[in-house]
Amino acid sequence: QDGKDLRLSFDAAWSRLAEDALRRAYAEARDHPEPAWSEAVVAALREPRAAFALLDLRDGSVPVAVTLPTYTQEEWRQKYAQLVQQAGNPLRQRALGGSYRPGETPYPGSTYKPLLAAAALLKDPNLAQRRIDCQGTWKPARAGAQSVALHCDDHRSHGSVNMEEALMRSCNVYFYSLAEEIGYERMYALATALGFGKWSGFEVGINAEVLLPPERAQDAWFVARSGIGQVSVVASPLQMARFYGWMATGQLWRPHLAAGTAAEYLLDSPNLADQQRAWLSQALRKVVEDPRGTAHDSRWPLERFRVAGKTGTAQVEGNAPVHAWFTGWFPHDHPRYAFAVLGENAGLHGGDLAAVALYYFLEAAWKELMPAES
């Protein structure tokens with residue numbers, strides 16, 4: 001077919017703004033280093049390896065799928081051999097995933113916790129108000145005294161928290177306990193129904209999605225770490241944006257690149273009750289709006305754009321720096337776009353980098369993204 005007949009959903013102007021936002025967020029962190037940061041973190045901030053995916057919740061189209069580092073057409077034509085060898089691997093499309101080495105595996109980290117929360121609500125809506133006491137460490141209920149404990153974020157104690165507070169403050173201990181109660185099979189069933197571990201249907205890119213089957217479901221530590229998005233699941237930013245779009249609207253889109261693709265790409269998906277979805281939205285709003293929320297920062301007030309989201313700081317194999325994630329949707333009251341931002345091996349918390357990048361993007365693009373509100 002004549003290639004001129006093909007129109008893409010990509011928006012070149014928005015994509016440039018997303019690239020600029022990622023670079024600004026990295027520069028902001030790089031220009032204000034903390035004494036405790038390792039040389040590996042400082043080096044990662046000098047050369048951004050990052051991704052930004054944006055999903056249109058009206059039709060499943062993808063206007064932004066940005067990856068850094070990138071290259072020009074001239075570099076592709078004249079310096080392809082150098083691009084192949086370049087340390088930052090600019091040929092990898094990080095927004096779509098694929099071709100990762102072990103130390104770069106895109107575990108979603110705490111951005112996966114809402115899936116466990118949704119599985120719990122589907123089992124028993126009353127679990128939303130169940131309180132769990134976080135003293136900074138967790139062991140399975142039947143673990144012996146000499147068993148190795150799993151720690152909460154930065155070994156801190158959150159005290160007594162319910163599900164909303166645990167999402168807002170990203171309490172690992174709460175979700176370790178919830179995963180033990182819910183079980184891996186229930187998490188796995190919901191994740192499978194929501195497309196994790198499968199190709200999303202997007203027309204291009206390498207499939208990076210992985211979801212381990214429940215053979216190890218009797219390993220309590222494996223189940224607990226699965227509940228916080230480690231060890232069992234690998235997901236690209238596009239896949240995470242799709243999941244958050246489902247939480248926002250109840251619709252699981254097959255994302256597409258070809259403009260004008262018909263809405264029959266809408267897939268059947270599990271159904272959260274409207275009240276449960278509203279409850280999750282409220283919890284993820286507080287991540288941004290509450291001073292205790294992990295994405296709250298008066299310097300970058302994402303509440304200005306009515307964002308609901310979840311930060312993530314995902315560990316990887318070896319001693320590689322952690323990934324910084326921020327995923328969610330906006331506006332929270334009438335969802336229009338879902339997003340996912342990933343700072344690969346950035347070594348920083350998601351709220352200190354990925355959320356900052358989203359703020360810079362929305363600051364620059366809001367009038368075009370939401371013209372009716374501008």
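This report describes two helices and one sheet in a predicted model.

**Helix α1**

Helix α1 covers residues 12-31. With 20 residues at 1.5 Å a residue, a span of 28 Å is expected, and the C-alpha atoms at the two ends are indeed 28 Å apart. Just at the start of α1, aspartate 11 places a side-chain oxygen within 3.1 Å of the backbone nitrogen of alanine 13.

Several residues of α1 are buried, including Trp14, Leu22 and Tyr26. Among the buried residues of α1 there are also Ser15 and Glu19. The elements that cover the buried residues of α1 include the helices α2 (39-46) and α12 (354-369), along with the strands β1 (50-56), β2 (64-68) and β11 (337-343).

**The sheet**

Three of these strands, β1, β2 and β11, belong to an open sheet of 5 strands, in the order β2-β1-β11-β10-β9. The pairing in the sheet is antiparallel. Strands β2 and β9 (308-314) are at the edges; each has a single partner strand, so one side of each has no neighbour in the sheet. From one strand to the next, the twist averages 5°.

Two of the pairings in the sheet can be set side by side.

| Strand pair | Sense | Bridges |
|---|---|---|
| β1 and β2 | antiparallel | 5 bridges |
| β9 and β10 | antiparallel | 7 bridges |

Within the pairing of β1 and β2, alanine 53 has alanine 65 of β2 as its bridge partner. Helix α1 packs on the sheet, where α1 touches β1, β2 and β11, and its direction makes about 40° with that of β2. Helix α11 (residues 274-289) packs on the sheet as well, touching β9 and β10 (323-330), and the direction of α11 makes about 65° with that of β9.

Although β9 is an edge strand, it is mostly covered, with 6 of its 7 residues buried. For threonine 313, the bridge partner is alanine 324 in β10.

**Helix α8**

Helix α8 spans residues 184-193, and its buried residues are Tyr184, Met187, Leu190 and Ala191. These lie on the same side of α8, because they cover an arc of only 135° around the axis. The general pattern is that an α-helix has 3.6 residues a turn, so residues three or four places apart point the same way.

The buried residues of α8 pack against three helices and a strand: α5 (113-123), α7 (172-182), α9 (220-226) and β7 (210-211). After α8 comes glycine 195, which has a positive phi, near 90°.

Terms used: Residues are numbered from 1 along each chain as its sequence is written. This is a predicted model: local features need pLDDT of at least 70, side-chain atom pairs count only at pLDDT 80 or more; totals for chains, interfaces and linings use all residues. Side-chain values use heavy atoms; hydrogens and water are left out. Helices (H or I, at least four residues) and strands (E, at least two) are DSSP runs, numbered from the N terminus. The expected span of a helix is 1.5 Å times one less than its number of residues. Buried means under 20% relative accessible area, exposed over 50%, partly exposed in between (1.4 Å probe, protein chains only). Contact means heavy atoms within 4.5 Å. A polar contact is a pair of N or O atoms within 3.5 Å; within protein, one must be able to donate a hydrogen and the other to accept it, and residues adjacent in sequence count only if both atoms are side-chain atoms. Two strands pair if DSSP finds at least two bridges between them. Axes are lines fitted to C-alpha atoms, for helices over the stretch in contact, and angles run from 0 to 180 degrees between N-to-C directions. The arc is that of the directions from the helix axis to the C-beta atoms.
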